[in-house]
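Good morning, and thank you for coming. Today I shall speak about aromatic rings and some details of the backbone. Please look at the structure as it appears.

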Amino acid sequence: MNAPVSDTDLPANVERALAGFLGRASDEIVATEPTVKAGIDALSGFVLTGGKRLRPTFAWWGWRGAGGDPAGPDAEGVLQAVSSLELIQACALIHDDLIDSSDSRRGFPTVHIAGAKLHADQGWLGSPATFGLATAVLVGDLALAWADDMFADAPLPARTLAAARPAWRAMRTEVLAGQYLDVRTQATGDASVEAALKIDRLKTAAYTVQRPLHLGAALGGASPELIATLLEFGGEVGVAFQLRDDLLGVFGDPSVTGKPAGDDLREGKRTLLVALGLQLAAEKGETAAATVIADAIGDADLSDEGVETVRMALRQVGAVDAVERRIDELTTAAMAALERAHLAEPAPEALTGLVVKATQRTY
């Protein structure tokens with residue numbers, strides 16, 4: 001009998017699966033061309049250093065909720081399949097940091113910044129910034145390619161993997177579509193509540209919670225009815241997760257979040273927090289607050305003092321309280337869907353804990 005995969009130490013099991021795969025995947029190409037090791041090391045370091053492991057965890061509990069057995073013959077294969085979601089996440093974050101010109105991630109330099117420093121330190125030809133940009137694009141692409149390999153090579157019956165492929169394909173497409181919608185919304189300047197929620201559902205909810213749950217449940221042979229209920233649950237949790245992220249992007253402690261406070265404002269993110277701030281300011285006739293919020297969006301040179309002024313404006317018009325209420329409403333709706341799902345034990349308790357972790361976190 002296989003040793004069971006521990007439910008209580010799932011992040012460590014995910015990291016074990018990732019480290020094993022990354023080692024196997026890199027051996028041949030590094031032997032052929034040793035110079036690419038620097039890029040592979042950048043990817044491995046990014047994947048194995050930090051991260052909440054939320055996506056594999058939601059997928060695992062989707063599988064357990066559909067009756068998956070951690071001591072059964074499929075457990076290691078399912079662990080590999082769900083762990084591959086972290087490589088999709090790595091691709092998304094590495095490219096996202098490049099798109100947003102972010103300097104740090106999880107308290108470390110972003111991949112494009114580290115690449116530029118390597119170029120400068122070595123005294124190579126050309127532009128360090130261009131080399132860093134190219135490095136981030138290629139390392140992110142490698143993460144996406146290896147995610148497909150890790151999922152497809154999971155030691156599971158062919159029909160089990162086939163059942164999960166619709167979720168896998170949908171997730172890859174939705175996260176890229178959501179990323180494009182986010183970039184396009186910044187470019188068009190659409191600061192409406194409707195646009196912000198559309199991005200939250202496509203870019204975050206589907207990719208962070210809904211499709212991981214779908215994928216895990218499909219690996220466990222879940223019925224279409226159960227998958228539909230899990231998608232409903234995941235949609236509510238996923239949006240609440242993003243709304244908490246929006247608040248942390250402006251009000252979070254950089255020593256905890258690993259990113260400078262106010263970066264969402266500097267990058268021009270049209271979050272629901274900002275959209276509600278502008279809407280409520282207009283409704284209340286708070287023209288000064290509206291101007292403060294509007295002027296901060298996309299201001300790359302926004303100071304810490306400027307961020308604090310925006311915080312005061314958002315609190316003043318009631319946007320912070322409004323987002324907190326939305327998080328509470330979404331959480332309540334998610335818990336109602338979870339109760340209707342009638343998942344196998346101990347999945348309901350574990351998913352309840354994940355809801356709290358996703359929506360009430362401080363990082």
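**Aromatic pairs and backbone details**

In this predicted model, a search of the whole structure finds four aromatic pairs. I shall discuss two of them.

In one pair, the ring centres of Phe21 and Trp146 are 6.4 Å apart and the planes meet at 85°, so the pair is edge-to-face. Phe21 belongs to helix H1 and Trp146 to helix H7, so this pair ties together parts that are 125 residues apart in sequence. Are these two residues buried or exposed? Phe21 is buried, at 6% relative accessible area, and Trp146 is buried as well, at 8%.

In another pair, Phe151 and Trp168 have ring centres 4.5 Å apart and planes at 5°, so this pair is stacked. Phe151 lies in helix H7 and Trp168 in helix H8, 17 residues apart. Phe151 is buried, with a relative accessible area of 2%, and Trp168 is buried, with 3%.

Rings also meet charged side chains. Arg106 lies over the face of Phe46, 4.8 Å from the ring centre. The charged end of Arg361 sits over the ring of Phe241, at 4.0 Å from its centre.

I now turn to the backbone. Which residues lie in the loop between helices H16 and H17? Among them are His342 and Pro346. His342 has a positive phi, near 50°, although His342 is not a glycine; at 69% relative accessibility, His342 counts as exposed. The peptide bond from Glu345 to Pro346 is cis, with omega near 0°.

Finally, Ser101 lies in the loop between helix H5 and strand S1. Ser101 has a positive phi of about 55° and, at 56% relative accessibility, counts as exposed.

Conventions:
Residues are numbered from 1 along each chain as its sequence is written. This is a predicted model: local features need pLDDT of at least 70, side-chain atom pairs count only at pLDDT 80 or more; totals for chains, interfaces and linings use all residues. Side-chain values use heavy atoms; hydrogens and water are left out. Helices (H or I, at least four residues) and strands (E, at least two) are DSSP runs, numbered from the N terminus. Buried means under 20% relative accessible area, exposed over 50%, partly exposed in between (1.4 Å probe, protein chains only). Rings of Phe, Tyr and Trp (its six-membered ring) pair if their centres lie within 6.5 Å; planes under 30 degrees apart count as stacked, over 60 as edge-to-face and the rest as tilted. A charge sits over a ring if NZ of Lys or CZ of Arg is within 6 Å of the ring centre and within 35 degrees of the ring normal.
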